[in-house]
Amino acid sequence: MTSAQSTNRDSTLAPAYQSFLQQLAAIPPGRVCTYGVLAQLAGQARGARLIARWLSHLPADTRLPWHRVINARGQLSLDKNSDSGREQYQRLLAEGIIARNGRIDLAQVGWPRAYFTSL
DNA sequence: CAAATGACGGGGT
DNA sequence: AACCCCGCCATTT
């Protein structure tokens, strides 16, 4: 039983899931990616919601940087009053991703760079 | 099988 | 900025 199977019943998505795990693990500290871009990188061009789903199902003790994935509007999608929402905010704060104005500038900290430099 | 559900995205008001 | 609306798509109800 692979982790992909535990999250998906559709085996056709297994390759995409593996790619997703790789791309997620590759986001460096101090940078963030979006659900949509992560979906593209995993070969699911219109699968932003799928990425969100996969992230929400990661084991609670995962070492993967789930907190470095935010929405295309440069905001955190988790409820800021939830435990995980606060956790994500604190982690991003610690990585210096929250700008002085309190916002996240994707053009500056978006990853991979090629997807955000033209913003 | 139909309808609802998301850690979404793009466009419009 | 703050909403709203609709398209998206695997999964769940």
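# A tour of chain A and DNA strand B

Starting at the N terminus, the elements of chain A follow the order α-α-β-α-α-β-α-α. That gives chain A six helices and two strands. The radius of gyration of chain A is 14 Å, close to the 14 Å from the globule rule for 119 residues, so chain A is as compact as a globular protein of that length. Keep in mind throughout that this is a predicted model.

**Stop 1: the whole chain.** Select chain A and show its C-alpha atoms. Along the principal axes, they fill a box of roughly 45 × 35 × 20 Å. Next, colour the residues by accessibility: 38% of the 119 residues of chain A count as buried. With the surface switched on, chain A exposes about 7,400 Å². Carbon and sulfur atoms supply 48% of that exposed area. Contacts tell something about how the chain is put together. Taking those between residues at least 6 apart in sequence, 60% join residues at least 24 apart.

**Stop 2: the surface near DNA strand B.** Select DNA strand B and the residues around it, which number 14. Tyr35, Arg49, Ala72, Arg73 and Ser77 come nearest. On the DNA side, sugar and phosphate make up 37% of the strand B atoms that come within 4 Å of the protein.

Now zoom in on three side chains in turn.

- Tyr35: an N or O atom of this side chain is 2.8 Å from a base nitrogen of DNA strand B.
- Arg73: an N or O atom of this side chain is 2.8 Å from a base oxygen of DNA strand B.
- Ser77: a polar side-chain atom lies 2.6 Å from a phosphate oxygen of DNA strand B.

Two elements, α3 (35–41) and α4 (48–56), each give two or more residues to the surface near DNA strand B. Which element gives the most? Select α4, which supplies five residues. Coloured by type, the residues of this surface divide into seven nonpolar, five polar and two charged.

**Stop 3: Gln88.** Move to helix α5, residues 83–94, and pick Gln88 within the helix. Is Gln88 buried or exposed? Its relative accessible area is 0%, so Gln88 is buried. The side chain of Gln88 reaches the backbone oxygen of His67 at 3.0 Å. Show the residues around Gln88, leaving aside its neighbours within four places in sequence: Gln88 is in contact with Trp66, His67, Val69, Ile70, Leu76 and Leu78.

**Stop 4: Thr62.** Follow the chain from α4 towards β2 (69–70) and stop in the loop between them, where Thr62 is found. Thr62 has a relative accessibility of 17%, which is under the 20% cut-off, so Thr62 counts as buried. A polar atom of the Thr62 side chain lies 3.1 Å from the backbone nitrogen of Leu64.

**Stop 5: Pro29.** Finish in the loop between α2 (14–25) and β1 (33–34), and select Pro29. Here the relative accessibility is 62%, so Pro29 counts as exposed. Which residues does Pro29 touch, apart from its neighbours within four places in sequence? Pro29 is in contact with Arg68 and Glu95. Add Arg91 to the selection and draw a line between the C-alpha atoms of Pro29 and Arg91. The two residues are 62 apart in sequence, and their C-alpha atoms are 9.8 Å apart in space.

Methods. Residues are numbered from 1 along each chain as its sequence is written. Chains are lettered from A and ligands numbered from 1 in the order in which they are written. This is a predicted model: local features need pLDDT of at least 70, side-chain atom pairs count only at pLDDT 80 or more; totals for chains, interfaces and linings use all residues. Side-chain values use heavy atoms; hydrogens and water are left out. A residue is near a molecule or strand if one of its heavy atoms lies within 4 Å of it. A polar contact is a pair of N or O atoms within 3.5 Å; within protein, one must be able to donate a hydrogen and the other to accept it, and residues adjacent in sequence count only if both atoms are side-chain atoms. Helices (H or I, at least four residues) and strands (E, at least two) are DSSP runs, numbered from the N terminus. Ala, Val, Leu, Ile, Met, Phe, Trp, Tyr, Cys and Pro count as nonpolar, Asp, Glu, Lys and Arg as charged, and the others, Gly among them, as polar. The radius of gyration is taken over C-alpha atoms; the globule rule is 2.2 Å times the number of residues to the power 0.38. Buried means under 20% relative accessible area, exposed over 50%, partly exposed in between (1.4 Å probe, protein chains only). Contact means heavy atoms within 4.5 Å. Accessible areas come from the Shrake-Rupley method with a 1.4 Å probe; for residues, only the protein chains shown count as cover.
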